[in-house]
Amino acid sequence: MLNRPTHPGTSHREPVFNVPGAVAVMALGLVAIHAIRVLLLSQDADIEILTYFAFIPARYTLPDSMFYLPGGLGPKVWTVVSYALLHANWMHLIVNLVWLLAFGTPVARRFGSTRFWLFCAVTAAAGAGAHYLANRDAIAPLIGASAAISGTMAAAVRFAFGPGGALSGYRTIFADHQPAGTLRENFSDKRVLIFVGAWFAFNLLFAVGVSLPGTEDAEVAWQAHIGGFVAGLLLFPLFDPVGRRRMA
């Protein structure tokens, strides 16, 4: 798509359900996976799925013989990403889907499908890494797409507040394709500071035991959220196909 800025006064209406294919496929995939687990699998079979595909920190620090987990290199490699495809319950999934549609949509429009999916995989892995550093011996499985979605939130911050961006004072037709500034330029914008500060404050509430609907019986892996968010902020330029903003 061409990067054609429009006049600040130009208005543009977009369809209410203008969701990129990459986001739609991802959302439908997450729903299908959870539906299969809930409707078709027995409890024992679902536990087996968790042992193969959830991220379990103890898998990397304790001998497999100490507890029942599939051994070998495979699960140690793919679970840093595959855990993001699993959810604890429908409420957990629905909350993540809402944030995915809100923040994944502009990022997917900007990156394109392949870059978007790779970005989600990398930020999910970063979230798993942050969770591991904080919980090296934990046997409780980590599941949920929140780290990857946190990455998309961070990516959106890098361009949405810039001139002509979706959250700027004058949104243009190509709002999701406006050149992004540097990280220093981003953080010189008070709106970015407020958004990022509020995001961290909200997640730190989980550290003191605050829970959301659907998470009452489990701890929220806030470290994974932060890992995904920080990775999204720092790695955004590696995935961004749009040139940077140039100053005269």
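Read from its N terminus onward, the protein chain follows the pattern α-α-α-α-α-α-α-α-α-α. In this predicted model, the chain therefore comprises 10 helices and zero strands, as helices and strands are defined by DSSP runs. Of its 248 residues, 44% are buried. Among contacts with a separation of 6 or more, 77% are between residues 24 or more positions apart.

One helix pairing may be taken as a starting point. Helix α1, residues 21–39, packs with helix α6, residues 113–134, at an angle of about 45 degrees, and their axes are 9 Å apart. Angles of 65 to 115 degrees count as roughly perpendicular and those under 35 degrees as roughly parallel; α1 and α6 are therefore oblique to each other. On the α1 side, the contact is made by Ala22, Val23, Val25 and Met26, while α6 contributes Ser113, Phe116, Trp117 and Cys120. Classified by residue type, this contact of α1 with α6 has seven nonpolar residues, one polar residue and no charged residues.

Helix α6 also takes part in the aromatic pairing of the model. The whole structure holds 17 aromatic pairs. One of them joins phenylalanine 119 and phenylalanine 239 in an edge-to-face arrangement, with 5.3 Å from centre to centre and 80 degrees between the planes. Phenylalanine 119 lies in helix α6 and phenylalanine 239 in helix α10, residues 222–239, so that the pair links distant parts of the chain, 120 residues apart, with helices numbered from the N terminus. Phenylalanine 119 and phenylalanine 239 are both buried.

These two residues belong to a wider group of rings. Ring pairs link Phe119 and Phe239 with Phe111, Phe159 and Phe236 into a cluster. Phe159, a member of this cluster, is also approached by a charge: the charged end of arginine 110 sits over the ring of phenylalanine 159, 4.4 Å from the ring centre.

Helix α7, residues 146–160, brings a further residue into the picture, namely threonine 152. Is threonine 152 buried or exposed? Its relative accessibility is 0%, and threonine 152 therefore counts as buried. Leaving aside residues up to four places away in sequence, threonine 152 touches Phe103, Gly104, Val107, Phe116, Phe119 and Cys120. Among these neighbours, Phe116 and Cys120 also take part in the contact of α6 with α1, and Phe119 is one of the residues of the aromatic cluster.

Definitions and conventions. Residues numbered from 1 in each chain as written. Predicted model: local features only at pLDDT ≥ 70, side-chain atom pairs only at ≥ 80, totals over all residues. Heavy atoms only, no water. Axes fitted to C-alpha atoms, helices over the stretch in contact; angles between N-to-C directions. Helix = DSSP H or I, 4+ residues; strand = E, 2+ residues; numbered from the N terminus. Parallel < 35°, antiparallel > 145°, perpendicular 65-115°, else oblique. Contact = heavy atoms within 4.5 Å. Nonpolar A, V, L, I, M, F, W, Y, C, P; charged D, E, K, R; others polar. Phe/Tyr/Trp six-rings, centres within 6.5 Å; stacked < 30°, edge-to-face > 60°. Buried < 20%, exposed > 50% of the residue type's maximum accessible area, 1.4 Å probe, protein only. Lys NZ or Arg CZ within 6 Å of the ring centre and 35° of its normal.
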